[in-house]
Amino acid sequence: MALLDTAAVAVPLGGPELPQERRLVTELPGPRSAEILARKADAVAAGVGHTVPVATVAAGGGVVVDADGNSLIDLGSGIAVTTVGNAHPKVAAAVAAQAAQFTHTCFMISPYESYIEVAEALNRVTPGDFAKKSALFNSGAEAVENAIKIARKHTGRQAVVAFDHGYHGRTNLTMALTAKSMPYKSGFGPFAPEVYRAPMSYPFRDGLDGREAAARVILQLEKQIGADNLAAVIIEPIQGEGGFIVPADGFLPAIVDWCRANGVVFIADEVQTGFARTGHMFASEIFGIEPDLITTAKGIAGGLPLAAVTGRAEIMDASHSGGLGGTYGGNPIACAAALAAIDVFENDGVIERAREIGTILIDRLTTMQKNDPRVGDVRGHGAMIAAEFVDPETKAPNAALTAAVAKACIAQGVIVLTCGTYGNVIRFLPPLSIGDDLLNEGLDIVAAALAAAE
Ligand SMILES: *Cc1c(COP(=O)(O)O)cnc(C)c1O
């Protein structure tokens with residue numbers, strides 16, 4: 001098949017200089033995107049789906065621009081990744097400079113300073129005023145796998161507890177940890193053994209306070225597993241894919257206390273919630289907890305693939321030399337990007353920006369909720385906010401409405417993502433580089449799509 005004539009349409013550079021506007025010059029997908037997506041269908045495995053029917057050519061600020069020149073408002077950040085903004089100038093410059101210097105040595109063969117600097121930065125910015133160490137990997141799932149390896153080695157125990165609605169990745173061990181069958185697990189088993197599931201605190205649906213919900217968990221751990229067999233408890237402080245579920249106050253601290261009293265490693269999976277997303281550097285801070293280990297990825301490096309496990313030095317050091325690592329883990333270009341992104345997180349006011357965005361999102365969505373009882377719950381922190389759609393009488397999840405609203409938004413040039421065990425949640429994760437006007441315009445479209453949906 002002939003390559004597209006890319007000279008025909010000027011491809012803009014990305015980053016914050018892109019015109020910050022919603023602009024539809026074709027229906028979606030336009031002809032050029034349609035042609036590229038047809039090639040996707042021919043060349044790419046069917047299991048790799050996509051949400052927005054466009055071929056991206058540039059992104060930045062609060063927009064994604066496609067091959068036909070459509071400019072879409074981005075309320076998803078490529079799943080909470082481009083928190084500092086797509087093609088952020090500091091990240092792009094750091095990547096270009098490092099790519100011209102060296103692209104790889106393998107940190108386990110001949111180490112380099114930027115990996116160590118990322119580890120030092122992570123040890124400093126993560127919650128907990130105790131000695132910490134870090135190890136770097138390529139993806140969130142790989143970080144989670146390694147956190148479990150480390151916890152098992154440290155405790156000499158095998159069992160691991162994850163939660164209802166939890167999401168931890170798509171590799172074999174992380175599929176076992178993930179709760180939802182379709183689409184993440186169905187047909188892909190058998191899954192890793194010694195993984196147990198505990199009930200999450202889900203205030204909108206369980207009506208329990210934090211203490212009650214934690215007591216329910218702890219009873220189950222003691223009776224069904226036994227603390228002596230339990231290496232680790234892993235939980236997202238605010239669940240991501242599972243529906244942006246914010247546990248009741250007191251739930252997480254009670255579980256942390258129980259873990260500490262029983263020698264169980266408490267792992268906070270902050271792959272989605274980390275790095276300013278929730279209006280705090282880490283969501284653990286919201287709940288006043290200091291996890292033993294924290295897994296990070298997504299927002300860490302402005303879009304480059306990087307992940308980490310950070311935690312108590314004595315736990316992190318449990319593994320023998322050579323027991324942790326990987327060919328690409330802590331790749332120098334990804335580390336350069338992470339150092340640039342962490343500089344932005346610490347110095348450019350993005351945590352405050354996440355809170356401002358959160359105020360706008362909560363305001364607009366609670367207004368929609370007042371006018372429409374199908375919006376059952378609005379929840380989240382900072383720039384990680386969701387609306388859960390229900391049957392107003394029974395609170396039964398309304399996945400059809402959710403899908404219809406999301407589809408209508410995307411057709412109007414607003415990228416929104418759904419989530420939730422029941423597929424009835426729309427989550428808002430805009431890049432923190434989005435402006436108020438664009439964010440409000442995106443939410444106008446959401447409100448109109450909701451009003452128009454049957
Ligand atoms: C996305 C995600 C993962 C998996 O990260 P990948 O980089 O896709 O492997 C793990 N945990 C949480 C909480 C996530 O949101």
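These legends go with a set of close-up views of one predicted model.

**View 1. Two domains make up this protein.**
Let's start with the parts. Domain 1 is built from two stretches, 31-87 and 350-452, while domain 2 covers 90-347. Going by C-alpha atoms, the centres of domain 1 and domain 2 sit 25 Å apart. Where the domains touch, 40 residues of domain 1 and 33 residues of domain 2 take part in the contact.

**View 2. Here is the surface that domain 1 and domain 2 hide from each other.**
People often describe how big an interface is by the accessible area that is lost when the parts come together. Between domain 1 and domain 2, about 2,900 Å² gets buried, and 62% of that is on carbon and sulfur atoms. Which three residues supply more of the area that domain 1 buries than any other three? Look for V84, H381 and M384, which together supply 23% of the area domain 1 buries against domain 2.

**View 3. Polar contacts and salt bridges also link domain 1 and domain 2.**
There are 20 residue pairs in polar contact across this interface. You can also count two salt bridges between domain 1 and domain 2. As for which pieces of domain 1 face domain 2, at least two residues come from each of α2 (77-80), α12 (350-371), β11, β12 and β15. Strand β11 gives the largest share of that side, with five residues.

**View 4. Four strands of the model line up as an open sheet.**
Read across the sheet and you get the order β11-β12-β15-β14, with antiparallel pairing. Which strands are at the edges? They are β11 (375-381) and β14 (417-419), each of which has a partner on one side only. On average, neighbouring strands in this sheet are turned by 25° against each other, ignoring direction.

**View 5. Zoom in on β14 and β15, and on the helix that packs on their sheet.**
Strand β15 spans residues 425-428 and pairs with β14 through three bridges, in the antiparallel sense. Within this part, T418 stands opposite I426 of β15. Helix α13 (residues 399-411) packs on the sheet and touches β12 (384-389), β14 and β15. The direction of α13 makes an angle of about 40° with that of β15.

**View 6. Salt bridges are shown up close here.**
The whole structure holds 17 salt bridges. In one of them, K90 and D343 pair up, with their closest N and O atoms 3.3 Å apart. Because K90 belongs to helix α3 (residues 89-101) and D343 to helix α11 (residues 332-347), this pair ties together parts that are 253 residues apart in sequence. Another salt bridge joins the side chains of R427 and E241, at 2.8 Å from N to O.

**View 7. Some backbone spots deserve a second look.**
Where do you find P183? It is in the loop between α6 (172-177) and β6 (195-198), and the peptide bond leading to P183 from M182 is cis, with omega near 5°. P190 lies in the loop between α6 and β6 as well. The bond joining G189 and P190 is also a cis peptide bond, with omega about 5°. Finally, find A80 in helix α2. A80 is not a glycine, yet its phi is positive, near 65°.

Notes. Residues numbered from 1 in each chain as written. Predicted model: local features only at pLDDT ≥ 70, side-chain atom pairs only at ≥ 80, totals over all residues. Heavy atoms only, no water. Pairing = 2+ DSSP bridges. Axes fitted to C-alpha atoms, helices over the stretch in contact; angles between N-to-C directions. Contact = heavy atoms within 4.5 Å. Domains from an automatic or database assignment. Buried area = accessible area lost by both parts, 1.4 Å probe. Salt bridge = Lys/Arg side-chain N within 4 Å of Asp/Glu carboxyl O. Polar contact = N/O pair within 3.5 Å; in protein donor to acceptor, adjacent residues only side chain to side chain.
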